[in-house]
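Work through the following exercises with the sequence and the model side by side, and try each task before reading its solution.

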Amino acid sequence: MAEAGRFAEKAMTEAMHQVAANLGAPTRDAQLLRLTNNAVFALPSAAIVIRIARTHQLYDRVGKVVRLARWFAYVDAPAIRLAVDVEQPVQVGRLLASVWEYVPPTSPAPTAEDLGRALREFHTSGVPPFPLPAWDPVGDARRRLDDAEGLSDRDRDFLVDWCNRLEPRLDTLRRDTEGQLIHGDAHVGNLLREPSGRAVLCDFDATCVGPWQVDLVAVAVGEARFGGTGSYRSLADTYGYDVTTDPNWPLLREARELKMIAAAVPLLASSANIVREFTTRLQSVVEGDHQARWTPFADLIS
């Protein structure tokens with residue numbers, strides 16, 4: 001499948017160059033870091049990272065993330081910082097972007113233990129003094145379905161039915177638990193090591209108020225689906241809690257897998273590789289196959 005659609009790599013690259021030009025930032029060494037729900041470009045010479053939302057349905061998150069980042073800086077939370085002296089969010093045509101400080105690769109690479117420590121600190125930061133959305137993986141999935149290009153009617157019907165079945169169970173879980181600040185997509189890939197050695201979180205699109213256990217689920221489900229051993233145990237030991245023993249673990253796992261599948265829906269028109277992986281993931285859920293192995297979407301950029 002040829003790359004196409006409103007959010008294809010070419011369009012995102014052109015938008016990155018426009019943002020950089022408006023900031024007077026050089027792009028000679030620009031690097032595409034991610035092309036999933038956001039196009040993330042590092043500009044090392046300019047010491048910035050430009051992050052462009054790739055779906056209009058999630059534009060409300062850009063403003064939320066900017067506001068959160070300012071609060072994180074105020075309370076010194078373990079979080080990446082916005083670029084200074086840049087009015088944010090940045091609009092470029094119909095797209096919205098945010099601009100961040102560039103954190104150069106620093107050894108050693110962040111680990112699951114670093115994630116456990118960062119999450120413990122993050123969870124003690126309190127709740128910001130402004131409204132945040134409630135944890136709502138079903139609502140997020142529905143918004144992605146609304147912005148779909150290339151989704152078959154059969155797959156859409158299955159995903160809608162899945163959302164309908166899962167929603168009341170998650171509503172009950174939210175009512176029965178005290179809401180805390182949660183990152184919402186906590187895994188080692190969303191962790192950076194500053195030159196000082198401190199590990200900090202990034203990517204706050206999914207940050208919200210909900211059950212704190214949610215932040216331990218991504219690594220547990222990721223290890224189950226993507227393979228590997230030891231990372232989740234290291235996280236659980238460092239954080240001090242094993243979410244796979246939680247009474248709500250099956251429900252939390254299902255909510256995470258819905259997120260991991262729905263994340264590809266707005267991007268199906270952009271990549272044949274993503275279409276194949278989406279099909280693999282969805283089929284394993286249809287069949288109830290918890291042993292099926294998946295491939296991270298970030299590894300499928302051609």
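## Exercise 1: a residue in a loop

Ile 80 has a relative accessibility of 8% and therefore counts as buried, where buried means under 20% relative accessible area, exposed over 50% and partly exposed in between, with a 1.4 Å probe and protein chains only. Residues are numbered from 1 along each chain as its sequence is written, and the model is a predicted one, in which local features need pLDDT of at least 70, side-chain atom pairs count only at pLDDT 80 or more, and totals for chains, interfaces and linings use all residues. Side-chain values use heavy atoms, with hydrogens and water left out.

Task: locate Ile 80 and list the residues that it touches, not counting residues up to four places away in sequence.

Solution. Begin with the location: Ile 80 is in the loop between H2 and E4, where helices (H or I, at least four residues) and strands (E, at least two) are DSSP runs numbered from the N terminus. Next take the contacts, meaning heavy atoms within 4.5 Å: beyond residues up to four places away in sequence, Ile 80 touches Trp 100, Glu 101, Val 103, Leu 192, Val 200, Leu 201, Cys 202 and Phe 204.

## Exercise 2: backbone exceptions

Task: for Asp 85 and Asp 203, state the phi value, and decide whether each is buried or exposed.

Solution. As background, most residues other than glycine have a negative phi, and most peptide bonds are trans. Asp 85, in the loop between H2 and E4, is not a glycine and yet has a positive phi of about 60°; its relative accessibility of 82% makes it exposed. Asp 203 is also not a glycine and has a positive phi, of about 65°, but its place is the loop between strand E8 (199-201) and strand E9 (208-210), and with a relative accessible area of 16% Asp 203 is buried.

Task: find the partners of Pro 89 and Pro 108 in their cis peptide bonds.

Solution. Gln 88 is joined to Pro 89 by a cis peptide bond with omega of about -5°, and Pro 89 belongs to the loop between helix H2 (60-75) and strand E4 (90-92). Ser 107 is joined to Pro 108 by a cis peptide bond, with omega again about -5°, and Pro 108 lies in the loop between strand E5 (95-101) and helix H3 (112-123).

## Exercise 3: a bent helix

Task: compare the reach of helix H5 (residues 153-176) with its expected span, and find where H5 bends.

Solution. The expected span of a helix is 1.5 Å times one less than its number of residues. For the 24 residues of H5, this gives 34 Å, and the reach from first C-alpha to last is 35 Å, close to that value. H5 nevertheless bends by about 30° at Glu 167, with a proline, Pro 168, following within four residues; the bend at a residue is the angle between axes fitted to the seven residues ending there and the seven starting there. The buried residues of H5 are Asp 155, Leu 159, Trp 162, Cys 163, Leu 166, Leu 170 and Leu 173, and their cover includes helix H4 (137-146), H8 and helix H9 (272-286).

## Exercise 4: two helices that cross

Task: describe how H6 and H8 are placed relative to each other, and which residues meet.

Solution. Two packed helices are described by the angle between their axes and the distance between the axes. The axes of helix H6 (residues 214-226) and helix H8 (residues 249-262) come within 9 Å and cross at roughly 70°, so H6 and H8 are roughly perpendicular to each other. Val 214, Val 217, Ala 218, Ala 220, Val 221, Ala 224, Arg 225 and Phe 226 of H6 meet Trp 249, Leu 252, Arg 253, Arg 256, Glu 257 and Met 260 of H8. By class, this contact of H6 with H8 has 10 nonpolar, no polar and four charged residues.Three conventions apply here:
- Axes are lines fitted to C-alpha atoms, for helices over the stretch in contact, and angles run from 0 to 180 degrees between N-to-C directions.
- Angles under 35 degrees count as roughly parallel, over 145 as roughly antiparallel, 65 to 115 as roughly perpendicular and the rest as oblique.
- Ala, Val, Leu, Ile, Met, Phe, Trp, Tyr, Cys and Pro count as nonpolar, Asp, Glu, Lys and Arg as charged, and the others, Gly among them, as polar.

Finally, consider burial: 11 of the 13 residues of H6 are buried, and 12 of the 14 residues of H8 are buried, so H8 is largely enclosed by the rest of the structure.
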